[in-house]
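Here are some notes on one sheet, written for a first reading. Please keep the sequence and the 3D view open while going through the points.

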Amino acid sequence: MANGGIIGPVNTVNAAQCLSAKTTSFTSSGTLTAQSTANVQVLAVAGGGAGGGGGGGGGGGGMLVNCSSPVVGNTDYAVVVGAGGSGSACKVPGNNSTFNSLTAVAGGGGGAQSCAQIPGGPGGSGGGSAGGFPGTTSPRTGGTATACQGNAGGTGAGSNYGNAGGGGAGAVGTNNPGSVTGSAGGNGLANSLTGSPVVYAGGGGGGGGYPATGCGGAGGTGGGGAGGQGGQSPPAPAAGTAGGTNTGGGGGGGGVAGSSKIGGNGGPGVVVIKEPSATIPKSAPGVWSMNTVYDLVKQGC
């Protein structure tokens, strides 16, 4: 017999499909088609909060780090990347980022003197408080953070119109001790799921105050925007700086003057998904040739 005495036809067998680990970064909303049934690793960063008008820095977007999520092969999964909050005179939060059952919570908006919205907004990380004018009765408290996703915003000071920094994924926003200089945003947090360390979700710096010229606070590492300069014109007060693109950084607070400047936009977030290596087996009736077996073993299949 041509097949060495083994009963049954010799078949040409398609090799098993060996799939390498695959990492996909979503910088805008889209769809993941899972390559195999597995638990994937997910990094999700929400959109950062906007800085407040003449106020505190926006909070960094909530950050979920290397979470595990089950997927089924050849199935489509929606990925939502949260936009940053739109800078305005008032406090505006960012937007959530989601994948499967995971949700990274939007960063809180910075407190805004322009709208008499003094406290920082809650979020993944909380927005920094505005300082508030003398006699302001609103509490000058930073926005609260979501557990395991970020940190609280800083507290503003009533004297000298001091504005606080927004919280970041790695640190709280800096309180303002009563200075015309805006306080710094909290630093973000590094993650290496993309293959190299990247810092995400820094808090925005608080806007500077007046009547003396107040410099804006520095943004936190990980895309936090700097606060705008305050003070009477000249020099002209400035709007807050936007958070970094696809970092989830909070926007900087606008500077305070006779009329307060708007806060900077929050930075949009990002979703990174790492699928593990996998083997998709192939089968056929009959006899597998020794050459086919050798080739499959050599491929690790």
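Which residue in β7 stands opposite Val80?

1. The residue is Thr98 in β7. Please bear in mind that the model is predicted. The strand that carries Val80 is β6, residues 76-80, and β6 is joined to β7 by two bridges, with the two strands running antiparallel.

2. Thr98 also has a partner on β8: Thr98 stands opposite Thr103 there. Strand β7 covers residues 97-99, and three bridges join β7 to β8, again in the antiparallel sense.

3. On the β3 side, β6 pairs with β3 over four bridges, and this pairing is antiparallel too. Here Thr31 stands opposite Ala78 in β6.

4. Put together, these pairings give an open sheet of four strands in the order β3-β6-β7-β8. The edge strands are β3 (30-33) and β8 (102-104), each of which pairs on one side only. From one strand to the next, the twist averages 20 degrees. As background, strands of a sheet pair through backbone hydrogen bonds.

5. Which side chains of β6 are buried, and which are not? Tyr77 and Val79 point to one face and are buried. Asp76, Ala78 and Val80 point to the other face and are not buried. In a regular strand, side chains alternate between the two faces of the sheet. Two of the residues on the face that is not buried, Ala78 and Val80, have appeared above: Ala78 is opposite Thr31, and Val80 is opposite Thr98.

Technical notes. Residues are numbered from 1 along each chain as its sequence is written. This is a predicted model: local features need pLDDT of at least 70, side-chain atom pairs count only at pLDDT 80 or more; totals for chains, interfaces and linings use all residues. Side-chain values use heavy atoms; hydrogens and water are left out. Two strands pair if DSSP finds at least two bridges between them. Axes are lines fitted to C-alpha atoms, for helices over the stretch in contact, and angles run from 0 to 180 degrees between N-to-C directions. Buried means under 20% relative accessible area, exposed over 50%, partly exposed in between (1.4 Å probe, protein chains only).
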